[in-house]
Amino acid sequence: MSVELWYWPNIPGRGEFIRLFCEAFQIDYTDMAREQNADALVEHMHGLEGIRPFAPPYIVDGDVTIGQTPLILQYLSDKEGHGSGEMEVDLQLLQLQLDIADFVEEVHSVHHPIASEVYYADQMDSAFEKAGYFRAQRIPKYLIHFDNAIAANGGPFSLGQQPSHVDTSLFQIMEGLDYMFPNYMKEMQGTWTYLEGLQGAVPEIEGLAEYLASEQRMEFNEDGIFRHYEELDDQ
Ligand SMILES: N[C@@H](CCC(=O)N[C@@H](CS)C(=O)NCC(=O)O)C(=O)O
């Protein structure tokens, strides 16, 4: 049975973390709002009963309806048998996925430091200031943390030779940062060698190369989380 993925159809956003995992591990899913539209997503979400997801992405898999990107990834990984086989390690993978979610939230707050509801153009000064701290402090702090996690098992993936949901997500944040801060990332090249190795290894996962080259792979854009504004990449 195909897993229903419900996510905004015009941005890669957090939905792309789910797509990448499903594509890499050949999990059958249907991208519902891309097959229909955003209105269908809103209507579907409002029609849900009981304890509902707060925001997309969420999945419907038979009787299971859950939101929160890390939880969805952990659930699918577990269900499809792509965990490590050890509870302690699987919890550490979930921990990393939650760290990634925290980072993604911070990435978004670079261009929307005051409020998500306010246009970027109306919070540019604060965004400029925030981006400076983000490049100088937060990116290195998070990326060193992720780099060390991969190094712990020797790479190229966080479990060593076996890819996991953490790796497709780390790939996406590296791709996103390259798009958002091309100057900064170029200057820092060679700093996070394990992450760079992972960024090269993930597209080699069988099934993923085809997806990445296809039209289904959504490009980053200025409505999503990783946005390129030249002024925020100033060195
Ligand atoms: N912590 C949630 C965040 C979900 C989230 O913020 N979704 C965004 C799109 S990427 C959204 O539609 N938010 C609506 C809102 O916050 O009101 C996750 O990791 O999935």
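Pro-57 sits in the loop that runs between helix H3 (38-47) and strand E3. In this predicted model, the peptide bond joining Pro-56 to Pro-57 is cis, with omega of about 5°. A second cis peptide bond links Gly-155 and Pro-156, and its omega is about 0°. To find Pro-156, look in the loop between helix H6 (124-151) and helix H7 (165-180). These bonds are worth a look because most peptide bonds are trans.

Now let us turn to the ligand. Which residues surround the ligand? They are Tyr-7, Trp-8, Arg-14, Phe-54, Ala-55, Pro-56, Pro-57, Gln-68, Thr-69 and Pro-70. Both partners of the cis bond between Pro-56 and Pro-57 are thus found in the ligand's surroundings. The table lists polar atom pairs between protein and ligand.

| Residue | Atom of the residue | Atom of the ligand | Distance |
|---|---|---|---|
| Pro-56 | backbone N or O | nitrogen | 2.7 Å |
| Gln-68 | side-chain N or O | nitrogen | 2.6 Å |
| Thr-69 | side-chain N or O | oxygen | 2.8 Å |

How much of the ligand does the protein bury? Taken alone, the ligand exposes 500 Å², and the protein buries 66% of that. The space that the ligand takes up is the largest pocket.

Next come the strands, and E1 is a good place to start. Strand E1 (residues 3-6) pairs with strand E2 (residues 29-31) in the parallel sense, over three bridges. Within this pair, Glu-4 of the chain stands opposite Thr-30 in E2. To get from E1 to E2, the chain passes through helix H1 (residues 15-24), and this β-α-β crossover is right-handed.

On the way there is a residue to notice: Gln-26, in the loop between H1 and E2. Gln-26 is not a glycine, yet it has a positive phi of about 50°. That stands out because most residues other than glycine have a negative phi.

E1 also pairs with strand E3 (residues 58-61), here in the antiparallel sense and again over three bridges. Leu-5 has Ile-59 as its bridge partner in E3. So what is the sense of pairing between E3 and strand E4 (residues 64-67)? E3 and E4 pair in the antiparallel sense, over four bridges, and Asp-61 stands opposite Val-64 in E4.

E3 and E4 form a hairpin, with two residues between them. In the turn, Gly-62 has a positive phi of about 60°.

Following the chain along this region ties the picture together. Pro-57 lies in the loop that leads from H3 to E3, the hairpin of E3 and E4 comes next, and Gln-68 and Thr-69 are among the residues around the ligand.

Technical notes: Residues numbered from 1 in each chain as written. Predicted model: local features only at pLDDT ≥ 70, side-chain atom pairs only at ≥ 80, totals over all residues. Heavy atoms only, no water. Pairing = 2+ DSSP bridges. Right-handed = clockwise from strand over helix to strand, strands pointing away. Near = heavy atom within 4 Å. Polar contact = N/O pair within 3.5 Å; in protein donor to acceptor, adjacent residues only side chain to side chain. Areas by Shrake-Rupley, 256 points an atom, 1.4 Å probe, with all protein chains shown as cover. 1 Å grid on protein atoms, 1.4 Å probe; cavity = no way out; pocket = protein on both sides within 12 Å on 5 of 7 lines; lining within 4 Å. Sits in = over half its atoms within 2 Å of the grid points.
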